[in-house]
Amino acid sequence: MYDEYRARYLRAREDTISKLPDPLLCQILSHLPTKDAFSTSVLSHRWKTVCLSVPNLDLDSSEFPDYDTFVTFIDKLLAFSRKENSVLYKVKLSLRKEDENDQYCVTRWIDSVANPKLNHLDVECLLVNRKFLEVVPQSLYIQCDTLVYLRLHRVSFGELKSVSLPCLKTMRLEHNVYASDASLELLISSCLVLEDLSVVRMVPDNVKVLRVRSQTLTSLHVDYLYGEGDGFVDVFEREGSGVFIDAPRLKYLKFEDDLSDVKVITNSVSLEKVNVAFVFGENDFSHVIDLPKRNMVSNFFNSISGVKEMKISLYTMEDDPSSEKAANVRLSSVPPCLLSSLEFVKIKRFNGGPVDMEVARYFLENTQVLKKLVLDFKCSAFEQGFYMLRDLIALPRRSSSCQILLC
């Protein structure tokens with residue numbers, strides 16, 4: 001009795017949905033993962049046509065029996081879209097090539113979906129060796145007038161001459177190789193309404209100095225690391241490398257760069273939150289881009305005036321922990337943000353050693369409006385942690401309302 005009732009219910013439900021017009025069905029299916037949407041194609045020829053017209057494409061090569069099947073499926077889908085003059089608004093592709101014999105397809109796929117109505121493009125090429133990176137076609141930079149979100153992971157950028165992405169607000173560039181410093185700078189600066197930018201670099205990526213110039217940028221993440229899937233990188237020239245940031249509306253900065261020789265930020269009047277994790281080495285106390293010779297640590301922190309919240313790797317404050325000279329350089333001046341605006345500080349990888357305590361003391365003694373000092377506690381013994389907390393509480397504080405928290 002139950003089975004008969006259930007079958008009758010399903011038939012009635014199917015009939016109701018089937019009466020909906022094709023555009024509405026496409027809209028409904030667009031909220032499903034592509035794989036689930038295409039499972040409806042077994043219902044009838046009409047459903048197959050409908051799911052082929054869905055304006056979203058979200059596929060992962062790991063969901064297919066092999067890479068060739070994945071390529072064939074997407075090629076057929078894109079061919080159907082061209083034949084029917086249908087438009088894709090959102091495309092997300094994740095692929096993992098197993099070896100050098102796998103088909104080259106990313107370039108033609110991006111070229112195929114680049115259109116004046118594309119809104120969202122996310123292409124991720126996992127663990128592809130740099131020898132086999134595919135090039136982003138020029139059509140992406142000149143045919144995507146409505147593109148708002150762009151993420152490109154593990155691809156190659158040719159030399160850029162012209163970029164027109166008038167609506168792009170979010171851009172994620174991860175583990176890519178670029179034609180030159182100037183080419184990457186042009187890509188960033190040509191996005192005239194860009195608000196959120198993430199640049200995760202790898203060694204080597206053909207970029208000596210990363211220049212981020214934007215009048216609209218409010219959030220920036222910069223990371224620099226050794227590349228994935230390339231084996232050991234035996235040549236890395238640190239000298240002359242750097243990061244230059246000129247973004248007057250920037251509010252949130254996450255900076256994880258152990259490799260660049262110099263780090264410079266200007267026009268940081270709007271900056272509110274900073275998350276820094278980089279090591280200033282011996283070469284950081286030399287000439288910097290467009291600035292006179294001065295201490296790199298002092299320059300960086302003096303440039304981020306107005307910051308209210310700071311998360312910092314302890315190693316950022318160290319040069320050589322055994323060097324008294326390094327300590328003197330580090331503590332020789334007080335950045336303006338410590339005197340006027342900094343309310344929250346979190347020090348990561350804190351273990352209570354002499355250098356750790358010196359850094360904590362520095363913030364407590366110099367930060368005028370500090371409300372919380374949070375220490376990312378790395379201590380194996382509870383007893384040691386107890387005595388460390390006791391010593392921290394005993395430290396003099398410039399801000400009477402400051403709390404010290406261990407986490």
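Two strands count as paired when DSSP finds at least two bridges between them. Strand 9 (residues 242–246) and strand 11 clear that bar, since five bridges join them. The two strands run parallel. Within this pairing, Ile-245 stands opposite Ile-265 of strand 11. The model is a predicted one.

Now widen the view to the sheet. Three strands form it, in the order 7-9-11. The sheet is open, and its pairing is parallel. Strand 7 (209–213) and strand 11 (262–266) are the edge strands, each pairing on one side only. On average, neighbouring strands here are turned by 5° against each other, with direction ignored. Strands of a sheet pair through backbone hydrogen bonds, either parallel or antiparallel.

Next, the chain as a whole. It holds 13 helices and 16 strands. Of its 407 residues, 48% count as buried. Take the contacts between residues at least 6 apart in sequence: 64% of them join residues at least 24 apart.

The aromatic residues give a good entry to the helices. The chain has six aromatic pairs. In one of them, the ring centres of Tyr-67 and Phe-70 are 6.0 Å apart. Their planes meet at 45°, so this pair is tilted. Why are Tyr-67 and Phe-70 separated by about one helical turn? They are three residues apart in helix 5 (residues 67–84). Tyr-67 is buried, because its relative accessible area is 7% and the limit is under 20%. Phe-70 is buried as well, with a value of 0%.

Phe-70 also forms an aromatic pair with Trp-109. This one is edge-to-face, with 5.7 Å centre to centre and 85° between the planes. Phe-70 lies in helix 5 and Trp-109 in helix 6, so the pair ties together parts that are 39 residues apart in sequence. Both Phe-70 and Trp-109 are buried. Which residues form one aromatic cluster? They are Phe-64, Tyr-67, Phe-70, Phe-73 and Trp-109.

Follow the chain past helix 6 (106–113) and a loop leads to strand 3 (120–126). Asn-115 is found in that loop. Is Asn-115 buried or exposed? Its relative accessibility is 14%, so Asn-115 counts as buried. The Asn-115 side chain has polar partners in the backbone. It reaches the backbone oxygen of Val-113 at 2.7 Å. A polar atom of the Asn-115 side chain also lies 2.9 Å from the backbone nitrogen of Leu-118. Residues up to four places away in sequence aside, Asn-115 touches Val-87, Leu-88, Gln-143, Cys-144 and Asp-145.

Cys-144 turns up again around another loop residue. Among the contacts of Leu-165, leaving aside neighbours within four places in sequence, are Leu-140, Tyr-141, Cys-144 and Leu-147. Leu-187 and Cys-191 are also in contact with Leu-165. Leu-165 is found in the loop between strand 4 (149–153) and strand 5 (170–174). At 1% relative accessibility, Leu-165 counts as buried. How many residues apart in sequence are Leu-165 and Leu-194? They are 29 residues apart, with 9.3 Å from C-alpha to C-alpha.

Further along the chain sits Ser-341. It is found in the loop between helix 11 (336–340) and strand 14 (344–350). Its relative accessibility of 10% makes Ser-341 buried. A polar atom of the Ser-341 side chain lies 2.8 Å from the backbone oxygen of Val-307. Val-307 is also one of the contacts of Ser-341, with neighbours within four places left aside. The others are Gly-306, Lys-308 and Val-369.

The last stop is helix 12 (residues 354–366). What span should its 13 residues have? At 1.5 Å a residue, the expected value is 18 Å. The end C-alpha atoms of helix 12 are 18 Å apart, which agrees. Buried residues of helix 12 include Val-355, Asp-356, Met-357, Val-359 and Ala-360. Tyr-362, Phe-363, Leu-364 and Asn-366 are buried in helix 12 too.

Technical notes
Residues are numbered from 1 along each chain as its sequence is written. This is a predicted model: local features need pLDDT of at least 70, side-chain atom pairs count only at pLDDT 80 or more; totals for chains, interfaces and linings use all residues. Side-chain values use heavy atoms; hydrogens and water are left out. Helices (H or I, at least four residues) and strands (E, at least two) are DSSP runs, numbered from the N terminus. Buried means under 20% relative accessible area, exposed over 50%, partly exposed in between (1.4 Å probe, protein chains only). A polar contact is a pair of N or O atoms within 3.5 Å; within protein, one must be able to donate a hydrogen and the other to accept it, and residues adjacent in sequence count only if both atoms are side-chain atoms. Contact means heavy atoms within 4.5 Å. The expected span of a helix is 1.5 Å times one less than its number of residues. Axes are lines fitted to C-alpha atoms, for helices over the stretch in contact, and angles run from 0 to 180 degrees between N-to-C directions. Rings of Phe, Tyr and Trp (its six-membered ring) pair if their centres lie within 6.5 Å; planes under 30 degrees apart count as stacked, over 60 as edge-to-face and the rest as tilted.
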